[in-house]
Amino acid sequence: QVRLVESGGGSVQAGGSLRLSCAASTFDRSTGHIHMAWFRQPPGKEREGVAVIDRGGNTNYAQSVKGRFSISRDNAKFIVYLQMNSLNPEDTAMYYCAAAPWSPNSWRLERSAYTYWGQGTQVTVSS
């Protein structure tokens with residue numbers, strides 16, 4: 001069982017930055033083979049994958065955030081971060097942390113592959 005708690009959301013002007021954090025607790029023995037990811041859900045739209053990271057630090061990003069967002073993880077503290085730079089109003093969304101056992105689908109940020117979800121943190125970018 002994995003419990004995820006996000007923090008760090010807020011309001012920022014276009015061009016600004018935010019860093020989201022996701023604290024994971026109660027990891028089981030499979031932690032070493034787990035994908036940690038960030039998803040987001042803009043108002044009135046479907047939830048979409050943003051970035052994923054494996055235990056070795058390998059990363060995969062949605063095309064819309066490449067070069068602007070950076071995902072990282074602290075395996076010792078069970079924390080995953082999402083550094084978001086050059087934010088624009090299209091980045092406004094509820095951001096969710098998620099975890100999944102390793103699979104090609106979770107690496108491709110397919111929502112259905114993810115078992116565990118946080119409660120979300122709101123990010124609002126004004127123009």
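Colleague: Leaving aside its neighbours within four places in sequence, which residues is Asp-74 in contact with?

Modeller: Ile-79 and Tyr-81. Contact means heavy atoms within 4.5 Å. Keep in mind that this is a predicted model, where local features need pLDDT of at least 70 and side-chain atom pairs pLDDT 80 or more, while totals for chains, interfaces and linings use all residues. Residues are numbered from 1 along each chain as its sequence is written, and side-chain values use heavy atoms, with hydrogens and water left out.

Colleague: Why does Asp-74 count as partly exposed?

Modeller: Its relative accessibility is 23%. Buried means under 20% relative accessible area and exposed means over 50%, with partly exposed in between (1.4 Å probe, protein chains only). So 23% lands Asp-74 in the in-between class.

Colleague: What lies 3.1 Å from a polar atom of the side chain of Asp-74?

Modeller: The backbone nitrogen of Ala-76. A polar contact is a pair of N or O atoms within 3.5 Å; within protein, one must be able to donate a hydrogen and the other to accept it, and residues adjacent in sequence count only if both atoms are side-chain atoms. So at 3.1 Å the pair makes the cut.

Colleague: Now Arg-73: why does it have no salt bridge?

Modeller: The nearest side chain of opposite charge, Asp-54, is 5.9 Å away. Lys and Arg count as positive, Asp and Glu as negative, and His and the chain ends aren't counted. A salt bridge needs a side-chain nitrogen of Lys or Arg within 4 Å of a carboxyl oxygen of Asp or Glu, so 5.9 Å doesn't qualify. Still, this buried residue reaches the backbone oxygen of Ile-34 at 3.3 Å, and the backbone oxygen of Asp-54 lies 3.4 Å from a polar atom of its side chain.

Colleague: What makes a set of residues a nonpolar core?

Modeller: They must be buried Ala, Val, Leu, Ile, Met, Phe, Trp, Tyr or Cys residues joined through side-chain atoms within 4.5 Å. The largest one here has 29 residues, and Trp-38 and Tyr-95 are among those with the most contacts inside it. Apart from it lies another core of 8 residues, including Phe-39 and Leu-109.

Colleague: How do you know that the chain is as compact as a globular protein of its length?

Modeller: Its radius of gyration is 14 Å, close to the 14 Å that the globule rule gives for 127 residues, so the description fits. That radius is taken over C-alpha atoms, and the rule is 2.2 Å times the number of residues to the power 0.38.
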